[in-house]
Amino acid sequence: QISWTPLLVLGYLFYLLLGAMVFQLLEKQAETHFRDQFQLEKLNFLQNYTCLDRQALEKFVQVLMEAWEKGVNPEGNSTNPSNWDFSNSFFFAGTVVTTIGYGNLSPSTVAGQIFCVFYALFGVPLNLAFLNQLGKGLNAHLLTLERWVQKPGRAQVQYQFIICFFYFKTMAIFLSTGTLLFLVFPPLVFSYVEGWSYGEGFYFTFITLSTIGFGDYVVGTNPNKHYIPVYRSLTAIWIVFGLAWLALVFNVGADLMEKFLQLKWHKSDLNLAERATTKLEDEPEQPRIHIPS
C-alpha cells in the first residue's frame, strides 16, 4: 500500500512556495513605489517647514508609529471615541478567543496583557468547543439526510434518485444560504457603513471569517464616521456564526480532498496489482525441478 502522505507534504510545500513567488511578484514593486513616495513626501515636508530638521521629523514619525501600535488612531483629535468602551472591548474579546487577532489593538498595561494570556488560555478551547457544537448542529440535518440516502433496502432506482436529489438540493441550499448571509451580503453593509468598495468589504469578510485577520481593514475604526454603539458587538456576533459555517465548509473541503487522494492512490494500487497479475498469467509456467532429500 502506497502512502499519500509524502505527496501531500510535497504538495503543501509547493503551494507555499507558489504563494510566496506570486505575492512577491504582485506586491514587491508596489511596496517599493510607496516607500519612495513616502520618502519624497518627507523631503517635501522638510522643504516647506524649514524650522524642522530631519531628526525632529523622524522622532515625530516614531511617535505616530507608537500611537498606532497602542491602538490610537493618529487622525482626528482627543474627542475620538475610546477603543476600550464596552462595544469595542466586546469586539476585542471576540477577536482573542477566535484567534483572529487583527493587530490594530492590544492591551498596553501589564495587568491587561497577563489577563489576556489567561483569558485566551481558557477562551480559545471554549470557543473551539462552541464552534464544534454549533457546527454539529448545522451538520446534523445533512448527516440525517446522508444516512437516509444510504439506508439499505431501498431497491427502487427512481426512489433513490428522488432522495439523492433532495439531499444534494439541501446541500446546495445550505451552501448558497450561508454564502449569501456570511460572504455576499455583509460586504454590502460594510461598504455602506465604512465607505469601502465591495471588493474591500468582501476581502475583509473572508480574511476575518477564515481567522487570518491581517488588520489592514477593521470595522469601526474610522474617526471621521459616527458608528452606532452596538455596531462592533453585532459584528462580533456575525463573526462567531460565520466562523462556524465557514469552518464546516473547510472541513467538508478537507474531507473531499483526503478522499480524492486516497481514492487516487487506491486506484493506482489496484492498477499495479492488476498489471502484476496479468504479467504472471502471461508468463509460461516454468518447469519444476524435484530435488531429492
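Here are some short exercises on a predicted model of a protein chain, each with a worked solution.

**Exercise 1. The overall fold**

Work out how many helices and strands the protein chain has, and how its contacts and burial are distributed.

*Solution.* Start with the count: the secondary structure comes to 7 helices and 0 strands. Read from the N terminus, the order of elements is therefore α-α-α-α-α-α-α. Next, turn to burial: of the 293 residues in the protein chain, 25% are buried. Finally, take the contacts with a separation of 6 or more: 60% of them join residues that are 24 or more positions apart.

**Exercise 2. Checking helix lengths**

Compare the end-to-end spans of helices H2 and H6 with what 1.5 Å a residue would give.

*Solution.* Begin with H2, which covers residues 54-69 and has 16 residues. The expected span is 1.5 Å times one less than the number of residues, so H2 should span 22 Å. Its end C-alpha atoms lie 23 Å apart, which agrees. Now do likewise for H6, residues 198-209: with 12 residues, the expected value is 16 Å, and the helix reaches 16 Å from its first C-alpha to its last.

Then look just past each helix. After H2 comes glycine 71, with a positive phi near 90 degrees. After H6 comes threonine 211, whose phi is also positive, near 60 degrees.

To finish, which residues of H6 are buried? They are Gly201, Phe204, Thr205, Ile207, Thr208 and Leu209.

**Exercise 3. The surroundings of serine 87**

Decide whether serine 87 is buried or exposed, and find its partners beyond four places in sequence.

*Solution.* First, place the residue: serine 87 belongs to helix H3, residues 86-97. Second, classify it: the relative accessibility is 9%, and because buried means under 20%, serine 87 counts as buried. Third, list the contacts: leaving aside neighbours within four places, serine 87 touches Pro229, Val230, Tyr231, Arg232 and Ser233. Last, look at the side chains: serine 87 and serine 233 are joined by a polar contact of 3.4 Å.

**Exercise 4. The cavity**

Find how many cavities of 30 Å³ or more the whole structure holds, and describe the lining of the largest cavity.

*Solution.* The search finds 1 cavity of 30 Å³ or more, and the volume of the largest cavity is about 40 Å³. Its lining is made of Phe91, Gly94, Thr95, Thr98, Ala236, Ile239 and Val240. Assign these to elements: H3 and helix H7 (231-282) each give two or more residues to the lining. Then sort by class: the lining has 4 nonpolar and 3 polar residues, with no charged ones.

**Exercise 5. Two partly exposed residues**

Classify leucine 181 and alanine 56 by accessibility, and give a C-alpha distance for each.

*Solution.* Leucine 181 sits in helix H5, residues 157-194. With a relative accessible area of 48%, leucine 181 is partly exposed, because exposed requires over 50%. Leaving aside neighbours within four places, leucine 181 is in contact with Pro186 and Trp238. Tryptophan 238 is 57 residues away along the chain, and the two C-alpha atoms are separated by 9.3 Å.

Alanine 56 is part of helix H2. Its relative accessibility is 32%, so alanine 56 counts as partly exposed. Between the C-alpha atoms of alanine 56 and leucine 46, 10 residues apart along the chain, the separation is 10.0 Å.

Conventions:
Residues are numbered from 1 along each chain as its sequence is written. This is a predicted model: local features need pLDDT of at least 70, side-chain atom pairs count only at pLDDT 80 or more; totals for chains, interfaces and linings use all residues. Side-chain values use heavy atoms; hydrogens and water are left out. Helices (H or I, at least four residues) and strands (E, at least two) are DSSP runs, numbered from the N terminus. Buried means under 20% relative accessible area, exposed over 50%, partly exposed in between (1.4 Å probe, protein chains only). A polar contact is a pair of N or O atoms within 3.5 Å; within protein, one must be able to donate a hydrogen and the other to accept it, and residues adjacent in sequence count only if both atoms are side-chain atoms. Contact means heavy atoms within 4.5 Å. On a 1 Å grid over the protein atoms alone, a cavity is a set of points where a 1.4 Å probe fits but cannot get out, and a pocket is an open set with protein on both sides within 12 Å along at least five of seven lines; lining residues have an atom within 4 Å of a point. Grid points are joined across faces, edges and corners, and a volume is the space filled by probe spheres set on the points. Ala, Val, Leu, Ile, Met, Phe, Trp, Tyr, Cys and Pro count as nonpolar, Asp, Glu, Lys and Arg as charged, and the others, Gly among them, as polar.
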